[in-house]
Amino acid sequence: MFRNVMAIERALGTGIIISSSKPIPQHVEQRIRAFVEEYESVLSRFRADSLVSRMACATEGGDFEFPAWAGPLFAIYDEFYNATHGAFDACVGADLLALGYDNSVQFVPESVGSASNDSVSVSGNWSKYRRALPVTWADISRDDGGTTLCTNQPVQLDFGAAGKGYFVDLVTQIIKDELSGDSRANSDSPADFDFLVNAGGDMRACFSDEDYQIKVALENPFDTTQAFGVASIASGALCASSNVRRRWKVKDASYLGKDASDFESNLIATHLINALDGVPSQKLSASWTYVPTKTCAFPTAYADALATALFVSQESDLQKIVQTTSAEFAVISPNHVLRKTSAFPARFFAD
């Protein structure tokens, strides 16, 4: 089916692959590549010239105008922030930076389950860690539905929990606009071609036949050389989160000031931070989420956000979002206990 492939290496820090049943015309590829640059110039905290980096350097804050396309992303963060009582927060970028997740970070490749005896586990060593998030998402004001963020101090934002999935949705819309002739208002209309947008495992499939499905291997968080199961997805979004890929040693606790002497060095941190306490989540080893296309305008953004929210919040807090989007999910705990919703479209080898 997918005889044509377009790849953008290192885009959004992970690379993007677009597989399609028809070739992507050059002018469409150029538009997508230009949007990658635009997206990163606004939301990447790893670029010194980005808008979020300018917010982080503004000693007295200010009014920061984001593009109109950022509005739905902010609304998704509002929704998840409220549902999780603040555990899901774009301001967690301050924690990630303090723990060492910047351009110089070197990730630890082995999973928690296969870590060597001389490396420190993510779990069990954070009891002395204390911090107060200087700014929360609720502290940042903006006009109702607007895209200008107003602050009175530096704010370190990180939109990684939903930003990659949201980008996939926006690229999907570009392809639909350019190749199918659909207007934005009719973006749910089936196209006469099929394609898959994959950004580092956050993927959205679009098929002209609503009954068509593809199979996707689900990575084993305890042994990344193996699959843990196989999902069969129709038109919709499939995303995952785990504490395997982005793990690093915390070598410097000097940012804690006088409390640094009580902080255990060489902890292993992950990007899955609970914004209420700043501690990397330890409750799960992996999560997988599926959101069908027909249930919401941004299925990949919701699937991406839900995969993270399952790590930092209670499932009961997320039920309204799950029901509204018709999301299905599966999670596995560090002791290998698998839980899933009844209609999650996958067969797990442990079943």
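Are Phe344 and Phe348 buried or exposed? In this predicted model, Phe344 is buried, and Phe348 is buried as well. These two residues offer a convenient way into the structure, since their rings also form an aromatic pair of the stacked kind. The ring centres are 6.0 Å apart, and the planes meet at 15°. A pair of this sort is described by the distance of the centres and the angle of the planes. A search of the whole structure finds 24 aromatic pairs.

A wider view of the chain helps to place these details. The protein chain contains seven helices and 17 strands. Of its 351 residues, 53% are buried. Its accessible surface comes to about 15800 Å², with 47% of that area belonging to carbon and sulfur atoms. When contacts between residues at least 6 apart in sequence are considered, 68% of them join residues at least 24 apart.

The interior can be followed through its nonpolar cores. In soluble globular proteins, nonpolar side chains tend to be buried together. Here the largest nonpolar core has 89 residues, and those with the most contacts inside it are Phe66, Phe80, Leu157 and Phe159. Helix H6, which spans residues 299-312, gives the most to this core, with nine residues. Apart from this core lies another, of 21 residues, and Phe348 from the opening pair is among its members, as are Leu196, Phe207 and Leu238.

Leu157 gives a closer look at the surroundings of one core residue. Leaving aside neighbours within four places in sequence, Leu157 is in contact with Arg45, Val52, Met55, Ala90, Cys91, Gly93, Trp137, Ile140 and Leu149. Two of these names return in aromatic settings. Trp137 belongs to one aromatic cluster together with Phe66, Phe74, Tyr77, Phe80, Phe88, Phe159 and Tyr302. Arg45, for its part, has its charged end over the ring of Tyr101, 4.9 Å from the ring centre.

Trp248 lies in strand E10, which covers residues 247-250. Trp248 has a relative accessibility of 1% and therefore counts as buried. In sequence, Trp248 and Ile268 are 20 residues apart, while their C-alpha atoms are 5.4 Å apart in space.

Charged residues can be buried too, as Lys164 shows. Lys164 is found in helix H5, residues 163-180, and is classed as buried because its relative accessible area is 17%. Beyond residues up to four places away in sequence, Lys164 touches Leu12, Thr14, Ala199, Gly200, Asp202 and Asp304.

Leu12, one of the residues that Lys164 touches, leads to the loop between strands E1 and E2. Leu12 has a positive phi of about 55° although it is not a glycine, and with a relative accessible area of 21% it is partly exposed. Arg10 lies in the loop between strand E1 (4-8) and strand E2 (16-20). The phi of Arg10 is near 65°, a positive value in a residue other than glycine. At 66% relative accessibility, Arg10 counts as exposed.

Two further loops can be described through single residues. Pro345 is placed in the loop between strand E16 (338-340) and strand E17 (346-348). Leaving aside neighbours within four places in sequence, Pro345 is in contact with Val230, Ala231, Ser232, Ile233, Tyr290 and Glu328. Pro345 and Thr289 are 56 residues apart along the chain, and their C-alpha atoms are separated by 9.5 Å. Gln226 is found in the loop between strand E7 (214-219) and strand E8 (227-233). Gln226 is partly exposed, with a relative accessible area of 44%. Its contacts, with neighbours within four places in sequence set aside, are Glu219 and Asn220.

The cysteines complete the picture. A disulfide is a covalent bond between the sulfur atoms of two cysteines. How many disulfides does the count give? The count comes to zero. Two cysteines illustrate opposite settings: Cys57, at 62% relative accessibility, counts as exposed, whereas Cys296, at 15%, counts as buried.

Notes:
Residues are numbered from 1 along each chain as its sequence is written. This is a predicted model: local features need pLDDT of at least 70, side-chain atom pairs count only at pLDDT 80 or more; totals for chains, interfaces and linings use all residues. Side-chain values use heavy atoms; hydrogens and water are left out. Helices (H or I, at least four residues) and strands (E, at least two) are DSSP runs, numbered from the N terminus. Buried means under 20% relative accessible area, exposed over 50%, partly exposed in between (1.4 Å probe, protein chains only). Contact means heavy atoms within 4.5 Å. Accessible areas come from the Shrake-Rupley method with a 1.4 Å probe; for residues, only the protein chains shown count as cover. Rings of Phe, Tyr and Trp (its six-membered ring) pair if their centres lie within 6.5 Å; planes under 30 degrees apart count as stacked, over 60 as edge-to-face and the rest as tilted. A charge sits over a ring if NZ of Lys or CZ of Arg is within 6 Å of the ring centre and within 35 degrees of the ring normal. A nonpolar core is a set of buried Ala, Val, Leu, Ile, Met, Phe, Trp, Tyr and Cys residues joined through side-chain atoms within 4.5 Å. A disulfide is a pair of cysteine sulfur atoms within 2.5 Å.
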